[in-house]
Amino acid sequence: MMMKKIIRKIHLWLSIPFGLILTIVCFTGACLVFEKEITRWLRPELVETAGGRHERLPFFDTLFRLHRWLLDSPSGDGTAWGKLIVGVSTLALVLIVVTGVVMWLTHRPLTAGLRIHCRKGWFRFWHDLHVAGGVYTTVFLLAFALTGLTWSFSWYRTGFYRAFGVESSLLQRPAHGGHGQAHGGNRPARPNSSGHPNPPHNTDQKADSPHPGQEKARQVRWAVYQVHTGSWGGMPTRILTFLAALVGATLPLTGYYLWFKKRTRRRR
């Protein structure tokens, strides 16, 4: 009983301060999923430039900067507070999702958290939407968070890639597009016309990279990007990623509603 209470408190008191930030990050991430298609529809004349990159529309450039840095720029001492806030919020997301799953697993019956009731009042509807939405998107939200943290913290990035046999020194080389000129960069890079970083190529490593592990670093970095954007399975996984990110954006809002309603009930 005490453990359940502690888990609920962790879930609540991490969600309250970081909820709105997570809503912004998830919503902008959902909008960026189909950047390629929208850009081609609005500006079909855009062509690739050197390095396989194209100019990003101002709208998507703003969304990207909001997603990564909350529109912040590095201060005079090089500190990017927006990037730091997004990173800390993403760490909190991992704990919020894990504690939410634990709360669901300790509730009986488990199937009760998978149904949404529409005829038992607004409070029950939003409660069911919050619980079911969290359960159904758990894997996606954890994938978003655990891969996204590689762009937020150097210590996490080093440990994450080392787990896949890639040394941190190889990550300082320029990336082929994607979320930054290199992992952890502070300026948005322009993706190629496919909307993703250029995939690794099977080229002569002696001519292309002086380090024998550089090609592996590219492959792992490319895989991380695909998992983060949901592009690893083509259009079906991109659609699922879009929906999961949208649901993720609503979870803090429904959580705030439930918290507010419970507080007002206790005061009566």
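If we sort the lining of the largest pocket by residue class, we find 22 nonpolar, 13 polar and 9 charged residues, and I should say straight away that we are looking at a predicted model. That lining comprises 44 residues in total, and those lying nearest the centre of the pocket are Arg-8, His-11, Met-103, His-130 and Lys-262. The elements that each give two or more residues to this lining are α1, which spans 2-33, α4, which spans 81-105, α5, α6 at 138-148, and α10 at 235-267. Of these, α1 gives the most, with 13 residues, and the volume of the largest pocket comes out at about 1,200 Å³.

Let me step back to the protein as a whole. How many helices and strands does the protein have? There are 10 helices and 0 strands, so defined as DSSP runs, and from the N terminus on the order of elements is simply α-α-α-α-α-α-α-α-α-α. The protein has 268 residues, of which 43% are buried. If we take the contacts in the protein with a separation of 6 or more, 68% of them are between residues 24 or more positions apart.

Now to the aromatic residues. A search of the whole structure gives 14 aromatic pairs, and one of them, formed by Trp-122 and Phe-125, is edge-to-face, with 5.9 Å from centre to centre and 85° between the planes. Where do Trp-122 and Phe-125 stand relative to each other in helix α5? They are 3 residues apart in that helix, which covers residues 122-136, and are therefore separated by about one helical turn. As for accessibility, Trp-122 has a relative accessible area of 61%, and because the cut-off for exposed is over 50%, Trp-122 counts as exposed.

Elsewhere in the sequence, ring pairs join several aromatic residues into a cluster, whose members are Phe-153, Trp-155, Tyr-156, Phe-160, Tyr-161 and Phe-164.

I would also like to point out two places where an arginine meets an aromatic ring. In one, the charged end of Arg-56 sits over the ring of Phe-64, at 4.5 Å from the centre of that ring. In the other, Arg-265 lies over the face of Phe-123, and here the distance to the ring centre is 4.2 Å.

To return to the pocket for those who want to look at the model afterwards, Arg-8, His-11, Met-103, His-130 and Lys-262 are the residues nearest its centre.

Definitions and conventions. Residues numbered from 1 in each chain as written. Predicted model: local features only at pLDDT ≥ 70, side-chain atom pairs only at ≥ 80, totals over all residues. Heavy atoms only, no water. Phe/Tyr/Trp six-rings, centres within 6.5 Å; stacked < 30°, edge-to-face > 60°. Helix = DSSP H or I, 4+ residues; strand = E, 2+ residues; numbered from the N terminus. Buried < 20%, exposed > 50% of the residue type's maximum accessible area, 1.4 Å probe, protein only. Lys NZ or Arg CZ within 6 Å of the ring centre and 35° of its normal. 1 Å grid on protein atoms, 1.4 Å probe; cavity = no way out; pocket = protein on both sides within 12 Å on 5 of 7 lines; lining within 4 Å. Points joined across faces, edges and corners; volume = space filled by probe spheres on them. Nonpolar A, V, L, I, M, F, W, Y, C, P; charged D, E, K, R; others polar. Contact = heavy atoms within 4.5 Å.
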